[in-house]
Amino acid sequence: MKVHSVPYDPSPAEIGRSWEQRRDDLIVVSVWLLMLSYALVSNILILIGIVRSSTMRTATSYWFIISLAICDIVMTVISLVHLVPATAFHSAYVKFHSARNVLMIFFYDLFWYTAVLQLGLMACNRFVSIVYPMEYKWLFSKKKSVLIILFGYICGFLVSLPTLFPCCHTLWNSDYYITVYEPMDTWYKYVDMSVNSLSLVLMIMSYAVIIYKVRESGKAMAKYQLTIRTRLLFQQQAQAMNGSESCSRSCSVRPPRSQVSKKEMRLFIQFFVVSLVFLLTWTTWQWLPHMSESKWAYFVMTSLFFINNSVNPTVYLLFNTQLRRELHYLLCRQSTVMNLDHRRKNTQNNRDLVTNNNEPTTTQNGQGFAAVLEPSGPANPSSQSHSSDSADYSWERFQKRFLIKSGQVTLPNPVDISEV
């Protein structure tokens, strides 16, 4: 989020800002507050939804999503506590060359570069999962996944470390709504470009191979289905010629082993869309400053970075069914409690009704109708209590699935009743 062609002009902050400038600041701050608030809430919900699910929090693929969400949350918080107030109050809040401005942008860059590297690592994760599924558990075991994620944070720290030195400062320019290099001709801009380009190359190459793999997998499945239909047609013709209703030997064709599962495809779509948004954001940052030096062009550039922080959780919510169910249960718990309590009462009523129907019917003279028809031998207890046992079994299954205590319902393992 840096440009190198905008000089710092302290005159507006020293002399005073006009009404038009204050109006522009108000528009910018209002738009950014809405965008950043949505990004913060959505990323927090993503973290809560993944942590609540035993299936997702134990899958190493989701660990990269957690790491990326943490980076987005930190960048969003820094924007809310530093960039937005600095845009609203300018030098009254923070000076351009102040140590706070240097330090805050340093932390922003640290998590930005970490997020960029995480996107590249996520592309590699999907590449191995789809192209080399047999080696996935070995390459991305729990221990190795933790080390890979930590490696991304270490690299992000090392890449952003030069910004603490005077030769490579990156500072927030509230007059142009953008972060700038200080000095403008610093060598650090080439480091910035190299890290972003490296991650982009990883994403492009990985997703290109994945798309080719998915296409070949689709062709293999189409060929498999055509073979099945052809053999079934030959089988029907043979049955018609022999005059028999069934064939003594059934044909079986194994599906191709290289098929991509629906779960892997969903994760691929999520990571692909997130990486595509980053590609659009970074390429816009590259060519837009050469087309216009207007502060509104820089406002669009900075807004794209904020959009990038909010797109990640939005994509996960749109394409991940399991995550949506977790968040639906979290946000609509009261409604879920009422529905489950209603089901519990209905089950209890049905059990009582079945029990009452199995009781002996009494005649007017006080003798039981069942006693009159009772055979000489002992009664079969299993036949008399079959319905009540089935009702008890149904109730036990219901209790195992949901734990209701004092009107509050909890799921022992909510993920076990949903699919990814």
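Trainee: What makes up the span of residues 62–85, helix or strand, and how far apart do its end C-alpha atoms lie?

Mentor: Residues 62–85 are 100% helix and 0% strand, and the C-alpha atoms at the two ends lie 34 Å apart. Helices here are DSSP runs of H or I with at least four residues, strands are runs of E with at least two, and both are numbered from the N terminus. This is a predicted model, in which local features need pLDDT of at least 70 and side-chain atom pairs count only at pLDDT 80 or more, while totals for chains, interfaces and linings use all residues. Residues are numbered from 1 along each chain as its sequence is written, and side-chain values use heavy atoms, with hydrogens and water left out.

Trainee: Where does UniProt place the feature "transmembrane region"?

Mentor: The unreviewed UniProt entry lists residues 26–50, 62–85, 105–124, 145–165, 193–214, 267–285 and 297–319. UniProt positions are given in the numbering used here, feature names are shortened, and annotations may be inferred rather than shown by experiment. For residues 145–165, the model gives 76% helix and 0% strand, with 32 Å between the end C-alpha atoms. The chain as a whole has 15 helices and 5 strands.

Trainee: What is the mean pLDDT of the chain, and where does pLDDT stay under 50?

Mentor: The mean is 76, and 70% of the residues reach 70 or more. That value is the predictor's confidence in each residue, on a scale from 0 to 100. It stays under 50 over residues 361–388, which have 14 contacts beyond four places in sequence, and over residues 409–420, which have 36 such contacts. Contact means heavy atoms within 4.5 Å.

Trainee: Why is the pair of W32 and F299 called stacked?

Mentor: A search of the whole structure finds 15 aromatic pairs. In one of them, W32 and F299 have 5.7 Å between ring centres and 25° between planes. Rings of Phe, Tyr and Trp (its six-membered ring) pair if their centres lie within 6.5 Å; planes under 30 degrees apart count as stacked, over 60 as edge-to-face and the rest as tilted. Set against those cut-offs, W32 and F299 are a stacked pair. The pair links distant parts of the chain, with W32 in helix α2 (residues 19–52) and F299 in helix α10 (residues 295–319), 267 residues apart. Both W32 and F299 are buried.

Trainee: What makes F106 and F157 a pair, and of which kind?

Mentor: Their centres are 6.3 Å apart and their planes meet at 80°, which makes the pair edge-to-face. F106 lies in helix α5 (residues 99–131) and F157 in helix α7 (residues 142–160), so the pair ties together parts 51 residues apart in sequence.

Trainee: How do you know whether F106 and F157 are buried or exposed?

Mentor: Buried means under 20% relative accessible area, exposed over 50%, and partly exposed in between (1.4 Å probe, protein chains only). F106 has 4% and is therefore buried. F157 has 37% and is therefore partly exposed.

Trainee: Why is N43 called buried, and what is it in contact with?

Mentor: N43, in helix α2, has a relative accessible area of 1%, so it counts as buried. Leaving aside neighbours within four places in sequence, N43 is in contact with A69, D72, I73, N309 and P313. Its side chain reaches the backbone oxygen of N309 at 3.1 Å. A polar contact is a pair of N or O atoms within 3.5 Å; within protein, one must be able to donate a hydrogen and the other to accept it, and residues adjacent in sequence count only if both atoms are side-chain atoms.

Trainee: What makes the pair of N125 and R126 a polar contact?

Mentor: The contact runs from side chain to side chain, at 2.8 Å. N125 is in helix α5, and its relative accessibility of 0% makes it buried.

Trainee: What is said of phi in H90 and Y177?

Mentor: Phi of H90 is near 55°, a positive value in a residue other than glycine; Y177 is not a glycine either, and its phi is about 60°. H90 is in the loop between α4 (60–89) and α5, and Y177 is in the loop between β2 (169–173) and β3. H90 is buried at 3%, and Y177 is buried at 0%. Y177 also belongs to one aromatic cluster with W32, W172, W296, F299 and F306.
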